[in-house]
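Let's take a walk through this structure, going from one strand pair out to the wider layout. Keep the 3D view open as you read.

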Amino acid sequence: MRGFIGRRMQRTCLGRLVLGSAIAFALLVGTTPGGAVVKAPAAGDPGPTPGERAGFVSTPTADETQAYLNAVAATCRHVTLGTFGYTASGRPLPVVFVQDAADRSATAPDTTKPVVLIIAGIHSGEIEGKDAILMLLRDIARGREPAIVSHLRVVIVPIFNLDGHENRGRYHRFVQWGPEGGSGTRRNAQWLDLNRDFAKLESPECAALVRLGAQFQPHVFVDLHTNDGYDHQYDVLFGDGVDPTLPGARDRFARRLVAATIEAMAADGFRAHEFGYPVDDLDLTRGIASYGIGGPLAHSYFQLRHCISILEETHPYIPYERRVRSTDSMLRGILHYAVEHRIELVETVNDARATAIRWAREPGRHALALSCSVDTTRARTIQWRGKAYEVVTSGVTERRYTRYRQEPVTFELPFYGELKPDRTTTLPRGYLILPAWRNVAATLERHSIHVESLTQPFTTEVEAFRGSAPRFSAAPYQGHHPLRSVEWREATESRAFPPGTYWVPLDQPGGIVAFHLLEPRSPEALVNWNAFDAIFEPGIITEDWSLEEEARRQLADPKVRAAYEAALADSSTGLAQDPDARLDWFFHRTPFVDEEQNLYPVFRVLGPGPGTP
Ligand SMILES: [Zn+2]
């Protein structure tokens with residue numbers, strides 16, 4: 001039945017074009033933003049990093065960072081440089097590859113080696129990750145990290161929000177200590193927060209990162225930040241809040257990786273803890289809770305692509321140098337754990353990916369979370385190294401708030417580290433999207449999701465959704481007025497789909513991502529980002545006087561009158577309070593009602609899809 005499927009949409013998706021990583025590494029070499037072809041025969045020493053030279057009072061600019069990367073690559077044949085896209089302002093985005101030089105001549109990648117993707121500066125004011133990466137690369141160039149070079153393939157994005165990074169100032173982060181020389185902005189040049197763009201994918205930076213991820217299929221993803229908020233004694237909080245409904249056993253591996261890395265960091269003299277926020281800002285003794293999953297954030301996104309996905313937040317109230325060094329320690333801890341457990345790591349992630357594809361071929365049988373929140377019924381007791389605090393009443397707002405003091409205090413309190421699904425939905429075989437919604441198909445393609453286009457009509461049973469009572473955000477958010485709530489009504493129906501209809505099968509590498517973008521109740525659904533607003537607009541003009549006359553005509557029928565009076569008396573209808581709803585009640589008994597109005601033009605397919613057996 002393959003012939004049933006017609007042309008693939010304009011660009012072939014990267015999911016089908018995955019280059020052997022060794023080849024891809026090689027292809028990207030020599031395209032440094034400075035135009036230098038970097039190739040060096042032997043290990044050497046690029047010298048101290050720019051941050052070290054500046055005593056960590058300042059962090060290097062993009063040009064200074066690139067110059068140091070060039071020096072690293074010139075002295076170390078295991079480090080190569082490239083670009084993987086362009087910022088909104090047109091700056092080339094640098095990427096660094098660490099890979100045993102002996103592997104580069106191979107025609108196929110060594111798939112037994114884990115791939116680790118590390119990004120720094122998604123919020124470019126939180127930039128110690130970049131300085132830590134330069135220290136790691138310096139030691140790699142000096143030959144001090146042979147195990148990382150021999151056993152891993154590491155892909156590093158040192159400055160992800162590059163436009164924000166170059167917009168430097170001392171007042172871009174309200175709470176953090178240093179670097180005194182200033183740092184970049186949270187937003188990119190489009191005024192978007194890149195860490196809220198992993199559903200709509202409107203920034204070229206996020207689109208490029210998703211492409212990079214689809215190409216290299218990392219086993220571990222690490223996203224480096226600086227925290228905001230409460231005070232404590234830890235240098236770093238980090239973790240992988242795992243959606244328990246996703247396939248595979250990544251959660252067990254992630255927990256052991258985090259625990260082992262915390263131990264390794266302690267040996268380096270740094271304090272780290274699994275990531276969490278106070279349950280109650282005014283009463284720490286109520287405990288610390290991990291973060292939920294759901295939403296267009298980088299670490300959530302790469303979890304949907306089955307990575308061990310680590311969010312790192314350094315403590316904002318420690319000196320910049322300590323933030324850099326603790327991040328460096330954490331990165332080495334993660335990388336060394338990945339080296340020591342490389343076979344299990346590759347097997348665990350590959351198994352999760354294979355299971356996700358198998359589940360998509362068993363439609364309706366596997367329920368996945370649309371979002372997860374912290375399970376407040378499951379806690380373990382921890383010794384939390386916090387700071388003394390008092391709760392005071394504000395003279396400005398008259399509200400109570402927490403004022404931290406500097407004395408260290410150890411609290412025994414509950415830690416809520418388990419997540420539970422808020423709502424689950426079964427995986428379908430795929431989704432059919434009506435041909436008019438080209439923009440949605442294009443967004444899926446930016447996600448490196450394979451989309452096909454039907455060449456013949458296709459009739460099948462589908463699950464359809466109709467939405468009512470939509471409410472949109474009044475204030476702009478990330479360039480949108482998102483859909484905040486809507487009541488979806490589901491129906492199973494047989495529908496005929498014309499040629500040109502888009503078919504999105506879920507048995508592909510980005511299948512779980514597609515599920516979250518298209519399943520209308522998912523928090524990450526494109527419908528929430530205004531992709532389908534027009535379906536909520538009325539398709540026919542009515543006048544009050546003509547509706548009044550229609551109501552009067554209908555009420556002449558005693559059966560209709562009885563039904564109307566019953567509906568009026570039923571408080572759940574809201575008719576008693578809403579005159580317009582009363583007219584609407586009569587309108588919905590006329591043949592002028594358009595059955596397609598409010599119809600979500602994306603349909604769940606639970607049986608065989610077009611072209612599938
Ligand atoms: Zn951040």
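Start with strands β2 and β3 (residues 92–98), which pair antiparallel over 6 bridges. To find the register, look for L81: its bridge partner in β3 is V96. Bear in mind that what you're looking at is a predicted model.

Now zoom out from that pair. The two strands belong to an open sheet of 8 strands with mixed pairing, in the order β2-β3-β5-β4-β6-β11-β7-β8. Its edges are β2 (79–86) and β8 (272–274), each of which pairs on one side only. Ignoring direction, neighbouring strands in this sheet are turned by 20° against each other on average.

Next, the helices that go with the sheet. Helix α8 (residues 204–216) lies across β2, β3, β4 (115–120) and β5 (153–157), and runs at about 130° to β2. Helix α11 packs on the sheet too, touching β4, β6 (220–226), β7 (236–239), β8 and β11 (308–314), with its direction at about 165° to that of β11.

It's worth staying with α11 for a bit. Does its length add up? What span should its 21 residues (320–340) have, at 1.5 Å a residue? The expected figure is 30 Å, and the end C-alpha atoms are 30 Å apart, so the two agree. The helix is also mostly covered, with 17 of its 21 residues buried.

That leads us to the core. The largest nonpolar core has 143 residues, and the members touching the most others are V116, I118, I119, I334 and V504. Helix α11 supplies the largest share of this core, 9 residues. Pick I334 and, leaving out residues up to four places away in sequence, you'll find it touching V220, V222, L257, T261 and I310. As a general background, nonpolar side chains in soluble globular proteins tend to be buried together.

Not every buried residue is nonpolar, though, so have a look at E128 in helix α5 (residues 128–141). Is E128 buried or exposed? It counts as buried because 30 other C-beta atoms lie within 10 Å, against a cut-off of 20 or more. Beyond its neighbours within four places in sequence, E128 contacts T226, T314, Y320, R323, V324 and T327. Take V324 from that list: E128 and V324 are 196 residues apart in sequence, yet 4.8 Å apart in space, C-alpha to C-alpha.

Finally, the whole chain. It is divided into domain 1 (21–361), domain 2 (380–421), domain 3 (423–538 + 597–605) and domain 4 (544–587). The C-alpha centres of domain 3 and domain 4 lie 33 Å apart.

Technical notes. Residues are numbered from 1 along each chain as its sequence is written. This is a predicted model: local features need pLDDT of at least 70, side-chain atom pairs count only at pLDDT 80 or more; totals for chains, interfaces and linings use all residues. Helices (H or I, at least four residues) and strands (E, at least two) are DSSP runs, numbered from the N terminus. The expected span of a helix is 1.5 Å times one less than its number of residues. A residue is buried if 20 or more other C-beta atoms lie within 10 Å of its own, exposed if 12 or fewer, and partly exposed in between; C-beta atoms are placed from the backbone. Two strands pair if DSSP finds at least two bridges between them. Axes are lines fitted to C-alpha atoms, for helices over the stretch in contact, and angles run from 0 to 180 degrees between N-to-C directions. Two residues are in contact if their C-beta atoms, placed from the backbone, lie within 7 Å. Domain bounds come from an automatic or database domain assignment. A nonpolar core is a set of buried Ala, Val, Leu, Ile, Met, Phe, Trp, Tyr and Cys residues joined through C-beta atoms within 7 Å.
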